[in-house]
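Here are some exercises to work through with the structure open in your viewer. Try each task yourself before you read its solution.

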Amino acid sequence: AVTASPLPGTTLKFIKIDLGDGRTLYDTPGLLVPGTITQLLTGEELKVVCPKKQVEPITFRVSSGKCIMIGGLARVEVFGDCKPFLLTFFVANDIKLHPTASDKVDNVLQNHAGTMLTPPLGDGEKRMEEIGEFVNHDIEIEGRGWKEAAADISLTGLGWVAVTGAGMANIRVSVPKGIGVAVRPPLMPFDVLDVGARYTGAKAVRKSTKSKWGNKRRRGVGRK
């Protein structure tokens with residue numbers, strides 16, 4: 001039998017899988033990728049961070065001085081002399097996203113890591129100490145207008161954020177030290193049109209429950 005695990009390094013040898021019709025698939029031991037956030041997480045936290053279903057992106061309008069916290073693992077901020085931009089988050093549905101003012105981040109982490117902000121799980125204060133120091137990555141992205149994303153910001157092992165808007169975006173990404181952050185062309189530049197969100201104070205809720213293809217979307221996905 002073939003099993004799947006969110007834990008890296010659990011495949012210890014080559015596994016031969018007969019697909020029928022003369023076709024064979026070989027499952028091989030994986031590689032531990034340097035700079036990925038998964039190396040900092042517990043087994044239970046990995047189950048939250050690794051998607052088990054199709055990722056349902058969610059978009060926030062973020063103005064200067066505001067940020068979106070990706071659980072307690074990262075945050076993405078718009079800063080400086082910058083117009084509001086749309087940030088579309090492609091992360092596992094069970095990760096809780098929390099909008100807040102940038103100057104309130106430390107207080108929110110201190111009071112809500114492990115509860116309202118997950119992951120981390122369990123004793124939030126202890127886990128944040130174990131995860132360690134955060135570092136900032138300041139990024140400039142030239143917007144392409146409101147109909148398509150200009151770029152993706154990838155957070156290694158966690159997901160990515162598509163940036164949409166007009167003018168120059170000043171984006172600050174805060175992640176644990178050593179975790180990779182990179183900018184690339186957008187993989188899904190038009191999803192921003194379908195996945196807007198409003199914030200109720202307790203959770204992010206989708207403005208629409210259907211995409212333009214007619215597929216139903218759940219509300220408050222992983223954001224309760």
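**Exercise 1. Determine how many disulfides there are, using a cut-off of 2.5 Å between cysteine sulfur atoms.**

Solution. Start with the chemistry: a disulfide is a covalent bond between the sulfur atoms of two cysteines. Next, apply the cut-off: the count comes to zero disulfides. Bear in mind that you are working with a predicted model.

**Exercise 2. Classify Cys50 and Cys67 as buried, partly exposed or exposed.**

Solution. The step needs two limits: under 20% relative accessible area is buried, over 50% is exposed, and partly exposed lies in between. Cys50 has a relative accessibility of 24%, so it counts as partly exposed. Cys67 has 2%, and is therefore buried.

**Exercise 3. Judge how confident the predictor is along the chain, and find a stretch that calls for care.**

Solution. Take the average first: the pLDDT of the chain is 85 on average, and 81% of the residues reach at least 70. Then look at residues 208-224, where pLDDT stays under 50. The model still has 44 contacts beyond four places in sequence for this stretch.

**Exercise 4. Describe the chain as a whole in terms of elements, burial, contacts and surface.**

Solution. Begin with the elements: there are three helices and 14 strands. For burial, 45% of the 224 residues count as buried. For contacts, take those with a separation of 6 or more: 66% of them link residues 24 or more positions apart. Finally, the accessible surface is about 12300 Å², and carbon and sulfur atoms contribute 52% of that area.

**Exercise 5. Trace the open sheet of five strands and name its edges.**

Solution. Write down the strand order, which is β3-β6-β10-β9-β12, with antiparallel pairing. The edges are β3 (58-62) and β12, each of which pairs on one side only. Neighbouring strands of this sheet are turned by 25° against each other on average, direction ignored.

Now go to the β3 end. Strand β3 pairs with β6 (residues 85-91) in the antiparallel sense, over five bridges. Within this pair, Phe60 has Leu87 in β6 as its bridge partner. Is β3 enclosed or open to the outside? Four of its five residues are buried, so β3 is largely enclosed by the rest of the structure.

At the other end, β9 (residues 151-155) and β12 run antiparallel and are joined by four bridges. Here Ile153 stands opposite Val183 in β12.

**Exercise 6. Locate Asp191 and Met188, then compare their surroundings.**

Solution. Place Asp191 first: it is in the loop between β12 (181-184) and β13 (197-199). Met188 is also in the loop between β12 and β13.

Next, check accessibility. Asp191, at 19%, falls under the 20% limit and therefore counts as buried. Met188, at 36%, counts as partly exposed.

Then list contacts, leaving aside neighbours within four places in sequence. Asp191 is in contact with Pro57 and Phe90, while Met188 is in contact with Phe90 and Trp160. Phe90 thus appears in both lists.

As a last step, take a C-alpha separation: Met188 and Thr88 are 100 residues apart along the chain, with 9.9 Å between their C-alpha atoms.

Technical notes:
Residues numbered from 1 in each chain as written. Predicted model: local features only at pLDDT ≥ 70, side-chain atom pairs only at ≥ 80, totals over all residues. Heavy atoms only, no water. Buried < 20%, exposed > 50% of the residue type's maximum accessible area, 1.4 Å probe, protein only. Helix = DSSP H or I, 4+ residues; strand = E, 2+ residues; numbered from the N terminus. Contact = heavy atoms within 4.5 Å. pLDDT = per-residue confidence, 0-100. Areas by Shrake-Rupley, 256 points an atom, 1.4 Å probe, with all protein chains shown as cover. Pairing = 2+ DSSP bridges. Axes fitted to C-alpha atoms, helices over the stretch in contact; angles between N-to-C directions.
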